[in-house]
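Please look over the sequence and the model before reading on. This report walks through the fold from its sheets to its cores.

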Amino acid sequence: MKTSLGEIVDVIRCQLPRNRAGGGKGWELCQEVSSADFGAISGLVDDVSENVWVEIDPKKKQQKYLVRDGDILFSFRGTESTLGQVGLYIGQNEEFVVCGQSLCILRPKNVDGTWFYYYIRKQEI
């Protein structure tokens, strides 16, 4: 029995407008996760190093783009050394954390997230 990725996780590519210089009305200062924040050996992400201004819809329709505790982050573009890196966000559920533009969120829905994280870290692609 074959299972597709979409059956066990939601694949979310963060497409929120962002600005490093500052924002106006409707913009929130967020922390941005990049593959540089992945632990060198474990791949765990427990701290975020960059700040970025992100435009957030006042009706909170964009909540799915915010990184949550237990989200798996996957690098889908970059150099040979950064492409395909996987991180597990174990942050403190800060209200506004977004993934960098070269990452996507794999949000588990029908599988234990920690198990899936370790599974895809072991697989050769």
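The text below covers the sheets, one helix, the nonpolar cores and two buried residues.

This is a predicted model: local features need pLDDT of at least 70, side-chain atom pairs count only at pLDDT 80 or more, and totals for chains, interfaces and linings use all residues. Residues are numbered from 1 along each chain as its sequence is written, and side-chain values use heavy atoms, with hydrogens and water left out.

**Sheets**

Helices (H or I, at least four residues) and strands (E, at least two) are DSSP runs, numbered from the N terminus. Two strands pair if DSSP finds at least two bridges between them. The table sets out two open sheets.

| Sheet | Strand order | Pairing |
|---|---|---|
| 5 strands | β1-β9-β6-β7-β4 | mixed |
| 4 strands | β2-β5-β3-β8 | mixed |

In the sheet of 5 strands, β1 and β4 are the edges. Each has a single partner strand, so one side of each lacks a neighbour in the sheet. β4 pairs with β7 in the parallel sense, over 2 bridges. L44 has L88 of β7 as its bridge partner.

Helix α2 packs on this sheet and touches β1, β4, β6, β7 and β9. Contact means heavy atoms within 4.5 Å. The direction of α2 makes about 165° with that of β7; axes are lines fitted to C-alpha atoms, for helices over the stretch in contact, and angles run from 0 to 180 degrees between N-to-C directions.

In the sheet of 4 strands, β2 (18–19) and β8 stand at the edges. β3 and β5 pair in the antiparallel sense over 6 bridges. C30 stands opposite V52 in β5.

**Helix α2**

Which residues of α2 are buried? They are G113, F116, Y117 and I120, in a helix that covers residues 113–122. Buried means under 20% relative accessible area, exposed over 50%, and partly exposed in between (1.4 Å probe, protein chains only). Seen down the axis, the buried residues of α2 fall within an arc of 105°, so they line one face of the helix. That arc is taken over the directions from the helix axis to the C-beta atoms. An α-helix has 3.6 residues a turn, so residues three or four places apart point the same way. The buried residues of α2 pack against several elements, including α1 (5–8) and β1 (9–13).

**Cores**

A nonpolar core is a set of buried Ala, Val, Leu, Ile, Met, Phe, Trp, Tyr and Cys residues joined through side-chain atoms within 4.5 Å. The largest has 22 residues, and V33, L73, Y89 and V98 make the most contacts inside it. β3 (27–33), β5 (50–55), β8 (97–99) and β9 (103–108) each supply at least two of its residues. β8 gives the most, with 3. A second, separate core has 10 residues, among them C104, L106, F116 and I120.

Beyond four places in sequence, L73 touches a set of residues that includes V33, F38, Y89 and I105.

**Two buried residues**

R107 sits in strand β9. R107 counts as buried because its relative accessibility is 8%. A polar contact is a pair of N or O atoms within 3.5 Å; within protein, one must be able to donate a hydrogen and the other to accept it, and residues adjacent in sequence count only if both atoms are side-chain atoms. The side chains of R107 and D71 share one of 2.7 Å. A polar atom of the R107 side chain also lies 2.9 Å from the backbone oxygen of L66.

S75 is in strand β6. S75 is buried, at 1% relative accessibility. Not counting residues up to four places away in sequence, S75 touches T82, L83, G84, Q85, S102 and L103.
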